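Thanks for coming. I will go through a few pieces of one structure, so please have the picture open.

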Amino acid sequence: MLDNNFKKEEFKKSVRENVKMLYRKTIEEASQEQIFQAVSLAVKDVIIDNWLLTQKQYEKDDPKIVYYLSMEFLMGRALGNNLINLCAYNEVKEALEELGFDLNVIEDQEPDPALGNGGLGRLAACFLDSLATLGYCAYGCGIRYHYGLFKQKIENGFQVEVPDNWLKDGYPFELRRPEYAKEVKFGGYVKVVYDPATGRNNFVQEGYQSVLAIPYDMPIVGYNNKIVNTLRIWDAQAISEFQLDLFDKGDYRKAVEQENLAKNICDVLYPNDNHYAGKELRLKQQYFFISASIQAAIEKFKKSHSDLHDLPKKVTFQLNDTHPTMTVAELMRILLDEEGMTWEEAWEITTHTCAYTNHTIMAEALEKWPIELFSKLLPRIYQIIEEINRRFIQEINNKYPGNQEKVRKMAIIYDGQVKMAHLAIAGGYSVNGVARLHTEILKKQELKDFYEMYPDKFNNKTNGITQRRFLLHGNPLLADWVTDHIGDGWVTDLSQLSKLKVYADDKRAQQEFMNIKYQNKVRLAKYILEHNGIEVDPRSIFDVQVKRLHEYKRQLMNILHVMYLYNQIKEHPEMDFYPRTFIFGAKAAAGYVRAKLTIKLINAVADVVNNDKSINGKLKVVFIENYRVSNAEMIFAAADVSEQISTASKEASGTGNMKFMLNGAVTIGTMDGANVEIVEEVGEENAFIFGLSSDEVINYENHGGYDPMQYFNNDPDIRNVLMQLINGTYSNGDFELFRDIYDSLLNTKSSDRADTYFILADFKAYAEAQKRVEEAYKDEAGWAKKALLNTACSGKFTSDRTIQQYVDEIWHLDKVTIDK
Ligand code: CJB
């Protein structure tokens, strides 16, 4: 048995005690939610011992620390994952059974802490899991949003957003740490004070408003190694509660303003994915958590080190996209204003401590803050960025004398805007993309000028996912099967999955593998029936697209193809057609009108198709409400086909693609993001690739020449489907409901260029690839082999590998083990 601190009887006793202490109830009287709280506290008790041990070890070893700074951490539920990583899942399951409870039901009581939107936030969560498991000293730093990403309800086919009050019953795995609170200053002005003693000008922010940042720590449990790292999320509190003297001085107005400022900073996560909205409150959020995190990091460093010049040897601040880029200026501020360093010293330290990850090339995601807004809210920070910009322009001029074009394209402040990506690149020592293709596009296109100037800063780190959550926890049947065949080494070394390749042609292994898939499909079918009231046949092909709703991800192409298939079946009822269930799950940003209309279209098509008795259930369409981490685990396990159909060049990496692959789903996709590397690992014969290449897309974008109308005019199938958007087929005779979608594909007036994401260009190739999927699925053994090989070849895509590469090539952390 694994060494996991769990004694069953003690654990049961602890749960009983917790129920008594928390609720003055016996275990028989408690609700399932109360049992969840009591069980979580019992688990937390074990975790805290290891948390203390880890802290002691870190104090002793003094390893280098990475601070992973991120506006988003999409953690998903903690209870099950913590039990998995403590290697206590089965024991606790048994203990609870003996008490009369089902662990699955107890797990379902936990809200999903959805402090993130999609891929970027979930990646951060996978990284924390891998960092703890590999034994590296890491802090996640973020914001304790009171409302996470909204819950999605579907009403009359439309998305409705419902607030996600995840803290309402109290969250058992967090620890409030007011003793580590930090003051964060907004507004006011900068006063220059000459100090005759040093002969320096000192810069002092005055007339500002303060907010107190209170940290809440969440444990990040490493797998079977006793290491517990920390996710530190900051909450805002009015400082006036502490500084009542403000009232004494009669500055009541300021006190009230500070109260109001604090009140809304942490209210809510902005629900935009791959999209910059430019809201002042978002800028406040950014500075709030960065200032608190960097202050705390410097304070911690100074406790055990005497010379701040050593900071780069002991600390890296990793910026998860440009959202935390304020780090560069905040670190400069602390070193200059509080530590009295010269500009040159401070810059040397900063540019060897910060590193930036780029997650997207979508133009609308680029953060560019108006000077007006920025300088008012953060006068000293703005001043520092101005000076960084002045010196950076000098550097450009030195390198490219007289080349104003370079300055225009690369300056940090230009056209009345502060460009955060430019600041992140100039202020750090590493710039990485998140898949090979993405990094190449950054170097050759989006960040070409910067790559030319700093080629050594650029590197690739292909994303990864944690197998602990997405196989061991999410798919226990397959996890056990894998362990039966190759042992359990894969849990911490996913490359071992390649040992499964020898079973690819083994009839029995194939049958077992597909039988597990079938059982997972039954589990999902049950969920769909309970949540959607739709009956789906687990023997049909489960074809799944789950991810944020975005035009570039082309859920629209998928549903248009379903409409096309439906037309085919209706026209040729005798046609041989393998039953298929198209499953969608997606949240659209609350203000993203076209994305929301696409959800309506999917549901409208579902309504018509699912209720058409004449097609004998050959085609079903399901939109799973409120797609999130917890139901994702179940969905990946049940998928036959993984839809990864973004317009080539647009999806930086994708990580859902990896979760499907790990669970034995076969990819239908474009050569985009990490799909390229997935196909490289599994072989082109074990995936279904179609569509324009990224070069072709970029070429159209740079040189024009794309005409979607040509497809409409020349292809009756396409025309037919598009006409159905405006002839009432899916809208009870309403010609207008879906007109915006129709226009977006054909009408140049409705957007810069019609069909921005090349749906019509790729449509027929997609349909043809789907035909190949169907043919392949009919060959049972052939499909089983493909599915099994997808699992067997997915080893590269563990976040353990990604993190080890960050460690080896960017962070240079020291590995820590807990002394026995
Ligand atoms: N990504 O989720 C987001 N939000 C953004 O604002 C920008 C990018 C995604 O990040 C993932 C993790 O790197 C990528 O896999 C994905 O392609 C990208 O869209």
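In which hand does helix 20 pass helix 21, left-handed or right-handed? The crossing is right-handed, that is, the near helix is turned clockwise from the far one by less than a right angle, where anticlockwise would be left-handed.

Some ground rules. This is a predicted model, in which local features need pLDDT of at least 70, side-chain atom pairs count only at pLDDT 80 or more, and totals for chains, interfaces and linings use all residues. Residues are numbered from 1 along each chain as its sequence is written. Helices (H or I, at least four residues) and strands (E, at least two) are DSSP runs, numbered from the N terminus.

Back to the pair. Helix 20 covers residues 476-486 and helix 21 residues 507-532; their axes lie 9 Å apart at an angle of about 165°. Axes are lines fitted to C-alpha atoms, for helices over the stretch in contact, and angles run from 0 to 180 degrees between N-to-C directions. The two helices are therefore roughly antiparallel, the word for angles over 145 degrees. Leu477, Leu478 and Trp481 of helix 20 meet Glu512, Ile516, Gln519 and Asn520 of helix 21, with contact meaning C-beta atoms, placed from the backbone, within 7 Å.

Now strand 13, residues 315-320: six of its six residues are buried, meaning 20 or more other C-beta atoms lie within 10 Å of a residue's own, with C-beta atoms placed from the backbone. Val315, Phe317 and Leu319 are on one side, and Thr316, Gln318 and Asn320 on the other. Strand 13 runs parallel to strand 1, residues 65-69, with five bridges joining them; there, Phe317 is the bridge partner of Tyr67.

Key: Parallel < 35°, antiparallel > 145°, perpendicular 65-115°, else oblique. Contact = placed C-beta atoms within 7 Å. Buried ≥ 20, exposed ≤ 12 C-beta atoms within 10 Å, placed from the backbone. Pairing = 2+ DSSP bridges.
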